[in-house]
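Open the model in your viewer, show side chains as sticks and colour the chain by secondary structure. The stops below go from aromatic rings to a nonpolar core and then to a pair of helices.

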Amino acid sequence: EPAGVDDAPVFAPPTLRLPARDAVRGPLSLDRLRRSLMRPHAVYLQEGLGLRLPEDEPPLAEHEPLGAPDALGAYALRHAVFDAWMRASGRPDAHALHARLLARALVAPGADGRAQVADMLQEIAPFAERALEKGFGDPAVRAPFAHASEAGTLRGTLDGLHRPGLLRVVLRPDGPHGGHVVRHGLDALCASLVGKTTYLLARPEKDADPEWHVRKPATPKRAAATLDALFAWHDAA
């Protein structure tokens, strides 16, 4: 046994110090706070320990190009069809929609692609029709917001704002997952800063009809207290 091996430290030496926290904290962006809530482990390693993480490698394709879409491709296709329906203020022309989606490599060419578009229009119809009935046919806009207090400053921009309020749609057949709950809850809190109601349209469970979940703006006092608590959580994390 090599001499002195018993004296070697098992873990990092006690002289190791983590990167010092900035004495003066700059404004916190909505994207950064959202990333902290959605991927706390990655943010801790990057900002808490100062580690540079490798980029996520895209998974290997499970289908032929322009074949059956994977989960991410299906997400993009659903939202592209929903957006086209909203822009047209009604059911879009399937032939023209197929051409636009084909140009974006979201569907296959020929009969297979046309069948994809027809099936997706049928799947999205309950969401788009309910959204139009609720008055969300006007063009969506973006609005900046800011919150500042002794606890910190939050700045960001909300997209998907309409005359009725902030629109969020979960087009998954299985309804919202945990990530949606976190993201949409934070969006609803920020919408309160600009006095907007949040409208969430989603299936309550698999194969159920989409339903509205409406969140009125929180009072300025409650919104400020909640954001200040998130500042403290972000610092502790």
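Select Trp212 to begin. In this predicted model, Trp212 has a relative accessible area of 24%, so it is partly exposed rather than buried. Now add Tyr199. The ring centres of Tyr199 and Trp212 lie 6.1 Å apart with the planes at 90°, so this pair is edge-to-face. Tyr199 belongs to strand E5 (residues 198–202) and Trp212 to strand E6, 13 residues apart. Tyr199 has a relative accessibility of 12% and therefore counts as buried, the cut-off being 20%.

Keep Trp212 displayed and look for its other ring partner. The whole structure holds 3 aromatic pairs. One of them is formed by Phe136 and Trp212, stacked, at 5.7 Å centre to centre and 25° between the planes. Phe136 sits in the loop between helix H5 (110–133) and strand E2 (141–149), while Trp212 is in strand E6 (residues 211–215); 76 residues separate them. Phe136 is buried, its relative accessible area being 0%. Show the three residues together: ring pairs join Phe136, Tyr199 and Trp212 into a cluster.

Next, hide the rings and select Leu77, Val81, Phe82, Leu97, Leu101, Ile124 and Val169. Within the largest nonpolar core, which has 25 residues, these touch the most other members. Helix H3 (71–88), helix H4 (94–103), H5, strand E4 (166–169) and E5 each give two or more residues to this core. Which element gives the largest share of this core? H5 does, with 8 residues.

Centre on Phe82 and display its surroundings. Beyond neighbours within four places in sequence, Phe82 is in contact with Ile124, Phe127, Ala128, Ala131, Leu167, Val169 and Leu171. Apart from the largest core there is another core, of 17 residues; to find it, select Leu33, Leu186, Cys190 and Phe231, which are among its members.

For the last stop, show H3 and H4 as cartoon. How do H3 and H4 pack? Their axes are 11 Å apart, at an angle of about 135°. The two helices are therefore oblique to each other, since angles count as roughly antiparallel over 145 degrees. The crossing of H3 and H4 is right-handed. To see where the helices meet, select Leu77, Ala80, Val81 and Ala84 in H3 together with Leu97, Arg100 and Leu101 in H4. Of these, Leu77, Val81, Leu97 and Leu101 were also in the selection made for the largest nonpolar core.

Note on methods:
Residues are numbered from 1 along each chain as its sequence is written. This is a predicted model: local features need pLDDT of at least 70, side-chain atom pairs count only at pLDDT 80 or more; totals for chains, interfaces and linings use all residues. Side-chain values use heavy atoms; hydrogens and water are left out. Rings of Phe, Tyr and Trp (its six-membered ring) pair if their centres lie within 6.5 Å; planes under 30 degrees apart count as stacked, over 60 as edge-to-face and the rest as tilted. Helices (H or I, at least four residues) and strands (E, at least two) are DSSP runs, numbered from the N terminus. Buried means under 20% relative accessible area, exposed over 50%, partly exposed in between (1.4 Å probe, protein chains only). A nonpolar core is a set of buried Ala, Val, Leu, Ile, Met, Phe, Trp, Tyr and Cys residues joined through side-chain atoms within 4.5 Å. Contact means heavy atoms within 4.5 Å. Axes are lines fitted to C-alpha atoms, for helices over the stretch in contact, and angles run from 0 to 180 degrees between N-to-C directions. Angles under 35 degrees count as roughly parallel, over 145 as roughly antiparallel, 65 to 115 as roughly perpendicular and the rest as oblique. A crossing is left-handed if the near helix is turned anticlockwise from the far one by less than a right angle, and right-handed if clockwise.
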